[in-house]
Amino acid sequence: MSAPDIAELEEQERRLVLPRFTHDDAWVLGTLLVELARERRAPVAVDIRRGGQQLFHAALPGSTPDNDAWIDRKRRVVERYGCSSLLVGTRFRAKGTTFEESSRLDPDTYAAHGGAFPVTVEGAGVIGTVVVSGLPQLDDHAMVVEALTHFLTP
């Protein structure tokens, strides 16, 4: 899988805007991600938050506590920058540097690696995060994008 460029990542965020995001929506989206992961036997952890509240969390076979630590680090990047963790890392690399070298943020607290995506609601902006951890970063990101695309398809 080739890495998406900045324009493609920005287009994903423009396209994946939700009309609303309730507790029930978090359950449906989280369950969808778990089903995708189970079909692929992916050893991932999934986390969905709205504001400061965790609405969904699942750890599938093969995932470890490290995945939860990665979830927290990637989620903090989305909360700080308002866009996907992969887009943040890609923007730094496009400038010829890395997030770790140039963000001035503690890499033990923040990770601009793929897998965390903003939950954006029409008229409200970014209100939460959906995060997958356990696969290579491009695969984590792609799984979230696939689930959000499916979630939005009537």
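**Exercise 1. One aromatic pair, two environments**

Task: Start with W27: is it buried or exposed? Then find which ring it pairs with, and where the two partners sit.

Solution, step by step:

1. W27 has a relative accessibility of 55%, so it counts as exposed, since the cut-off for that word is over 50%. Keep in mind that you're working with a predicted model here.
2. Now look for its partner. The ring of W27 pairs with the ring of F56, with 5.5 Å from centre to centre and 65° between the planes. Edge-to-face is the label for planes over 60 degrees apart, so this pair is edge-to-face.
3. Next, place both residues. W27 belongs to helix α2 (residues 23-40), while F56 belongs to strand β3 (residues 53-59). They are 29 residues apart, so the pair links distant parts of the chain.
4. Finally, check F56 itself. Its relative accessible area is 8%, and under 20% means buried. So you've got an exposed W27 paired with a buried F56.

**Exercise 2. The other rings**

Task: How many aromatic pairs does the structure hold, and which residues form the aromatic cluster?

Solution, step by step:

1. There are three aromatic pairs in the structure. You've already met W27 and F56.
2. Another one is Y81 with F99, which is edge-to-face too: the centres are 6.1 Å apart and the planes make 65°.
3. Y81 lies in helix α3 (residues 65-81) and F99 in helix α5 (residues 99-102), so this pair ties together parts 18 residues apart in sequence.
4. Compare the two environments. Y81 has 33% relative accessible area and is partly exposed, whereas F99, at 3%, is buried.
5. Add F92, and you have the cluster: Y81, F92 and F99.
6. Here's a bonus for F92: the charged end of K95 sits over its ring, 5.7 Å from the centre. You can find a similar arrangement at W70, where R73 lies over the face, 4.3 Å from the ring centre.

**Exercise 3. Build the sheet**

Task: In what order do the five strands line up, and which strands stand at the edges?

Solution, step by step:

1. Begin with β2 (residues 45-50) and β5 (residues 125-133): they run antiparallel and are joined by six bridges. For example, R49 has T129 in β5 as its bridge partner.
2. Move to the pairing of β5 with β4 (residues 116-121). This one is antiparallel as well, again over six bridges. Here P118 is the bridge partner of T129.
3. Put these steps together at T129: R49 is a bridge partner, and so is P118.
4. Look at the turn of the β4 and β5 hairpin. Three residues lie between the strands, and G123 takes a positive phi near 80°.
5. Now add β3, which pairs with β2 in the antiparallel sense over six bridges. One of the partnerships is R50 with Q53.
6. Write down the full order: β1-β4-β5-β2-β3, an open sheet with mixed pairing.
7. Read off the edges. β1 (17-18) and β3 each have a single partner strand, so one side of each has no neighbour in the sheet.

**Exercise 4. Two helices crossing**

Task: At roughly what angle do the axes of α2 and α6 cross, and is the crossing left-handed or right-handed?

Solution, step by step:

1. The axes of α2 and α6 (residues 137-152) come within 10 Å and cross at roughly 125°.
2. Roughly perpendicular stops at 115 degrees and roughly antiparallel needs over 145, so α2 is oblique to α6.
3. As for the hand, the crossing of α2 and α6 is right-handed.

**Exercise 5. Loop residues to look at twice**

Task: Where in the chain do R41 and R104 lie, and what is the sign of phi at R41 and R104?

Solution, step by step:

1. Recall the background: most residues other than glycine have a negative phi.
2. R41 isn't a glycine, yet its phi is positive, about 55°. This residue sits in the loop between α2 and β2 and is exposed, at 77% relative accessible area.
3. R104 isn't a glycine either, and has a positive phi of about 65°. You'll find R104 in the loop between α5 and β4, where it counts as exposed at 81% relative accessibility.
4. For contrast, try F21 in the loop between β1 and α2. F21 counts as buried, with a relative accessibility of 6%.

Key. Residues are numbered from 1 along each chain as its sequence is written. This is a predicted model: local features need pLDDT of at least 70, side-chain atom pairs count only at pLDDT 80 or more; totals for chains, interfaces and linings use all residues. Side-chain values use heavy atoms; hydrogens and water are left out. Two strands pair if DSSP finds at least two bridges between them. Helices (H or I, at least four residues) and strands (E, at least two) are DSSP runs, numbered from the N terminus. Rings of Phe, Tyr and Trp (its six-membered ring) pair if their centres lie within 6.5 Å; planes under 30 degrees apart count as stacked, over 60 as edge-to-face and the rest as tilted. Buried means under 20% relative accessible area, exposed over 50%, partly exposed in between (1.4 Å probe, protein chains only). A charge sits over a ring if NZ of Lys or CZ of Arg is within 6 Å of the ring centre and within 35 degrees of the ring normal. Axes are lines fitted to C-alpha atoms, for helices over the stretch in contact, and angles run from 0 to 180 degrees between N-to-C directions. Angles under 35 degrees count as roughly parallel, over 145 as roughly antiparallel, 65 to 115 as roughly perpendicular and the rest as oblique. A crossing is left-handed if the near helix is turned anticlockwise from the far one by less than a right angle, and right-handed if clockwise.
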